[in-house]
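I'm opening a fresh notebook page for this one. I'll jot down what I look up, in the order I look at it.

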Amino acid sequence: MASLSAGLQLLRRRSANRSAAVERRNLLTVCRFSVKTLLDRSCFETIDDSSPEFINFVSILEHILSHRLKGQITWFGYESPRSFWDYVRVACSKVPHNCMRSIEMMENVRSSRAKGRAWIRLVLMEKRLAEYISSALRDFKTTRRFYEDGAIMLGEEAGLLADTFIGLNTIDFSFCLKGAGLDGTCPAVIDYTPYLKFTQSADSISSDEEEMRTVGSSCSESSTPDKTATAASIFTEQSNLFSKCKRFEQKYRMALEQKGYLEELVRLREAQLAEAVSHNKALQQSLADVHLSHTVEKEQLEYIILELQDQLKSFHSLDQLSVDMSLSQTSLEKSHTLGLEVKPASAQWAHHGKEETPSLRGLCGSLTSVTSYKSLASLKSSECLASPATEISSPGFTPS
């Protein structure tokens with residue numbers, strides 16, 4: 001039993017290694033194809049985030065950089081998933097004039113996956129992707145620390161892959177580092193459809209039908225055995241039937257695999273379509289909210305403008321009132337100066353022997369016009385005003 005379990009573990013290990021090797025070889029082949037298609041498309045149009053060739057290339061590059069990437073061991077001993085940006089940030093820190101600090105300072109990029117995608121776009125615009133990958137591969141100690149055995153970054157193919165990326169320096173990329181392509185929640189999905197080659201044609205279909213007819217005829221002949229047939233001819237006929245059945249089985253399995261892949265691709269597209277529809281609904285809701293907030297702000301601003309207009313009208317009325325008050329004040333000052341000029345005549349009247357009383361001083365101080373002064377002069381000339389001496393010597397008063 002122990003030898004049987006050891007044999008099963010060995011078989012599982014071999015199958016896992018075989019599947020890992022197949023996955024590594026497929027990723028490298030598809031990456032070369034994507035670089036070639038990207039170069040071909042750049043001859044006719046500008047490459048940006050909306051180009052399907054670029055989206056596929058970025059997805060393949062993310063899969064290559066994340067192939068057999070080790071998880072991060074936490075303080076409690078658990079292993080948490082890690083993004084390829086953690087490796088790039090450490091391994092490419094020795095590149096002269098690198099963009100690592102710029103990526104870290106971006107406000108709209110939060111997650112590690114989003115930072116890695118922003119780094120890919122930025123180095124493509126700088127035409128230094130091959131330089132960064134080569135520098136990371138030269139730091140073998142860091143690469144060994146981040147990747148497990150069998151990873152693409154630890155193999156010899158990684159150096160050839162870096163040389164393949166040199167051809168991308170001829171493309172003038174133009175990206176927006178605030179677009180939806182930097183969303184860290186969206187997984188990187190590789191579209192293998194452009195790289196599949198269907199060789200089935202009308203000739204192959206006719207040959208399949210002919211083989212089916214030959215199989216049917218051979219089966220009918222075998223059902224009615226000829227007495228003159230020998231054992232050798234029967235054996236050769238059975239071997240031919242067996243080989244034809246094997247070929248049909250292989251074709252059936254290939255068609256079944258293609259059918260499964262296409263069904264998986266349809267499910268993926270349906271999921272992406274549902275996600276796009278939900279995202280569109282969210283955008284429409286946010287647009288409606290923004291439109292409502294803008295309408296409310298517009299009404300508030302209109303109300304504020306009306307209030308400011310009312311305050312401006314009141315300020316104009318206050319300015320007019322202040323002008324009228326200043327004019328009245330200047331007229332009062334002029335009348336006061338005229339009263340000061342009339343004052344010497346009253347002094348001359350007091351020189352004739354008339355003594356001023358406090359009431360008379362108040363009366364003289366209140367005179368601010370020429371008309372009042374003339375009335376005072378008429379009172380003086382008619383001697384209607386009484387002095388304190390005359391008041392004392394009036395008939396109704398007896399001195400003590």
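**K70**

I began with K70, which I found in the loop between α2 and β1 (72-73). The model I'm reading is a predicted one, so I keep an eye on confidence further down. Is K70 buried, exposed or partly exposed? Its relative accessibility is 29%, which lies between the 20% and 50% cut-offs, so K70 counts as partly exposed. Next I looked up what K70 touches, leaving out residues up to four places away in sequence: E79, R82, R144, R145, F146, Y147 and E148. R145 caught my eye, since it sits 75 residues from K70 along the chain, yet their C-alpha atoms are separated by 8.2 Å.

**Helix α2**

I then turned to α2, residues 52-65. I checked its length: 14 residues at 1.5 Å a residue should span 20 Å, and the end C-alpha atoms are 20 Å apart, so the two agree. How many of its residues are buried? I got 11 of the 14, so α2 is largely enclosed by the rest of the structure. My list of the buried ones reads E53, F54, N56, F57, V58, S59, I60, L61, E62, I64 and L65.

**R117 and E62**

E62 from that list turned up again when I looked at R117. The side chains of R117 and E62 are joined by a polar contact of 2.8 Å. I placed R117 in helix α5, residues 112-126. R117 has a relative accessibility of 5%, so I noted it as buried. E62 is buried as well.

**Helix α3**

I looked at α3 (84-91) next. It is mostly covered, with 6 of its 8 residues buried. I wrote those down as F84, W85, D86, Y87, V88 and A91. Which helices do they pack against? I found α2, α4, α5, α6 and α7 (140-146).

**H97**

After α3 I followed the chain into the loop that leads to α4 (100-104), where H97 is placed. H97 is not a glycine, but I read a positive phi of about 55 degrees for it. H97 is also exposed, because its relative accessible area is 75% and the cut-off is over 50%.

**K127 and R128**

The loop between α5 and α6 gave me two entries. One is K127, another non-glycine with a positive phi, this time about 60 degrees. K127 has a relative accessible area of 33%, so it is partly exposed.

The other is R128, in that loop between α5 and α6. Is R128 buried or exposed? At 15% relative accessibility, it counts as buried, because the cut-off is under 20%. I found a polar contact of 3.0 Å between the side chains of R128 and E131. Setting aside neighbours within four places in sequence, I listed V95, P96, H97, V123 and N169 as contacts of R128. So H97 came back here, as a residue that R128 is in contact with.

**Helix α8**

For α8, residues 157-164, I noted A158, L161 and A162 as the buried residues. Looking down the axis of α8, I see them fall within an arc of 100 degrees, so they line one face of the helix.

**The whole chain**

Then I stepped back. I counted 13 helices and 2 strands in the protein chain. Of the 400 residues, 23% are buried. The accessible surface comes to about 28,300 Å², and 59% of it belongs to carbon and sulfur atoms. I also looked at contacts between residues at least 6 apart in sequence: 74% of them join residues at least 24 apart.

**How sure is the predictor?**

I left confidence for the end. The chain averages a pLDDT of 75, and 70% of the residues score at least 70. Where is confidence lowest and where is it highest? I found the low in helix α13 (residues 388-392), with a mean of 43, and the high in helix α6 (residues 129-138), at 93.

I marked two stretches where pLDDT stays under 50. Over residues 215-229, the model has 5 contacts beyond four places in sequence. Over residues 342-400, I found 22 such contacts.

Terms used
Residues numbered from 1 in each chain as written. Predicted model: local features only at pLDDT ≥ 70, side-chain atom pairs only at ≥ 80, totals over all residues. Heavy atoms only, no water. Helix = DSSP H or I, 4+ residues; strand = E, 2+ residues; numbered from the N terminus. Buried < 20%, exposed > 50% of the residue type's maximum accessible area, 1.4 Å probe, protein only. Contact = heavy atoms within 4.5 Å. Areas by Shrake-Rupley, 256 points an atom, 1.4 Å probe, with all protein chains shown as cover. Polar contact = N/O pair within 3.5 Å; in protein donor to acceptor, adjacent residues only side chain to side chain. pLDDT = per-residue confidence, 0-100. Arc of directions from axis to C-beta. Expected span 1.5 Å × (residues − 1).
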